[in-house]
Amino acid sequence: MQFLVIGDVHLADRGPRSRTPEYRQQIEDKIRWCVDLANDVRVDAIIQLGDFFHIKSPNRNSHGMVQEAAKILGQSKAPVILTVGNHDIRNDS
């Protein structure tokens with residue numbers, strides 16, 4: 001079996017201060033590249049190891065960003081497995 005393993009995407013509408021203004025687009029492009037690679041080499045699954053989002057609070061991530069990420073991942077011919085990282089949830093949920 002072959003897997004494409006992706007870690008710590010840290011997708012955000014606006015990147016950390018040290019990053020470029022195009023942060024979100026750059027991260028989406030990298031996810032798209034990973035999905036294209038997975039399709040080209042016909043992996044059995046894409047496994048994302050957590051910290052898919054940079055900000056823990058769902059109300060600080062736009063619906064548009066989440067929808068675009070789902071659209072990109074939905075183009076995978078293999079199942080996509082996302083695990084939860086510390087940046088994906090708040091301590092109380």
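Select K56 to begin: in this predicted model, K56 is partly exposed, with a relative accessible area of 33%. K56 belongs to the loop between β2 and α2. Add N86 to the selection and draw the C-alpha distance: the two residues are 30 apart along the chain, and their C-alpha atoms are separated by 7.6 Å.

**The loop between β2 and α2**

Remain in this loop and select D51, which is found between β2 and α2. Is D51 buried or exposed? Its relative accessibility is 7%, and because buried means under 20%, D51 counts as buried. Inspect the backbone here as well: D51 has a positive phi of about 55 degrees, although it is not a glycine.

**The loop between α1 and β2**

Next, select R42, in the loop between α1 (23-41) and β2 (45-48). R42 is likewise not a glycine, and its phi is positive, at about 55 degrees. The side chain should now be viewed against the surface: at 70% relative accessibility, R42 counts as exposed, whereas D51 counts as buried.

**Helix α2**

Select α2, residues 63-73, and orient the view down its axis. Which residues of α2 are buried? They are M65, A69, I72 and L73. Seen down the axis, these buried residues fall within an arc of 95 degrees, so they line one face of the helix. An α-helix has 3.6 residues a turn, so residues three or four places apart point the same way. Colour H63, Q67 and K71 separately: these residues are exposed, on the other side of α2. To see what covers the buried residues, display α1 and β3 (80-82), which are among the covering elements.

**A12 and its contacts**

Move to A12, in the loop between β1 (3-6) and α1. At 0% relative accessibility, A12 counts as buried. Which residues are in contact with A12, leaving aside its neighbours within four places in sequence? Select Y23, R24, H54 and M65. M65 has already appeared on this tour, as one of the buried residues of α2. A further distance may be drawn from A12 to I89: the two are 77 residues apart in sequence and 14 Å apart in space, C-alpha to C-alpha.

**The whole chain**

Finally, clear the selection and show the protein chain as a cartoon. Its secondary structure comprises two helices and three strands, which follow the pattern β-α-β-α-β when read along the sequence. The radius of gyration is 13 Å, close to the 12 Å that the globule rule gives for 93 residues, so the chain is as compact as a globular protein of that length. Along the principal axes, the C-alpha trace spans about 35 × 30 × 20 Å.

Colouring by burial shows that buried residues make up 35% of the 93 residues. In a contact map, consider the contacts between residues at least 6 apart in sequence: 80% of these join residues at least 24 apart. With the surface displayed, the accessible area of the chain comes to about 6,200 Å², and 52% of that area belongs to carbon and sulfur atoms. As a last selection, show the charged side chains: there are 12 positive and 12 negative ones, and the centres of the two sets lie 4 Å apart.

Conventions. Residues are numbered from 1 along each chain as its sequence is written. Side-chain values use heavy atoms; hydrogens and water are left out. Helices (H or I, at least four residues) and strands (E, at least two) are DSSP runs, numbered from the N terminus. The radius of gyration is taken over C-alpha atoms; the globule rule is 2.2 Å times the number of residues to the power 0.38. Buried means under 20% relative accessible area, exposed over 50%, partly exposed in between (1.4 Å probe, protein chains only). Contact means heavy atoms within 4.5 Å. Accessible areas come from the Shrake-Rupley method with a 1.4 Å probe; for residues, only the protein chains shown count as cover. Lys and Arg count as positive and Asp and Glu as negative; His and the chain ends are not counted. The place of a charge is taken as NZ of Lys, CZ of Arg, CG of Asp or CD of Glu. The arc is that of the directions from the helix axis to the C-beta atoms.
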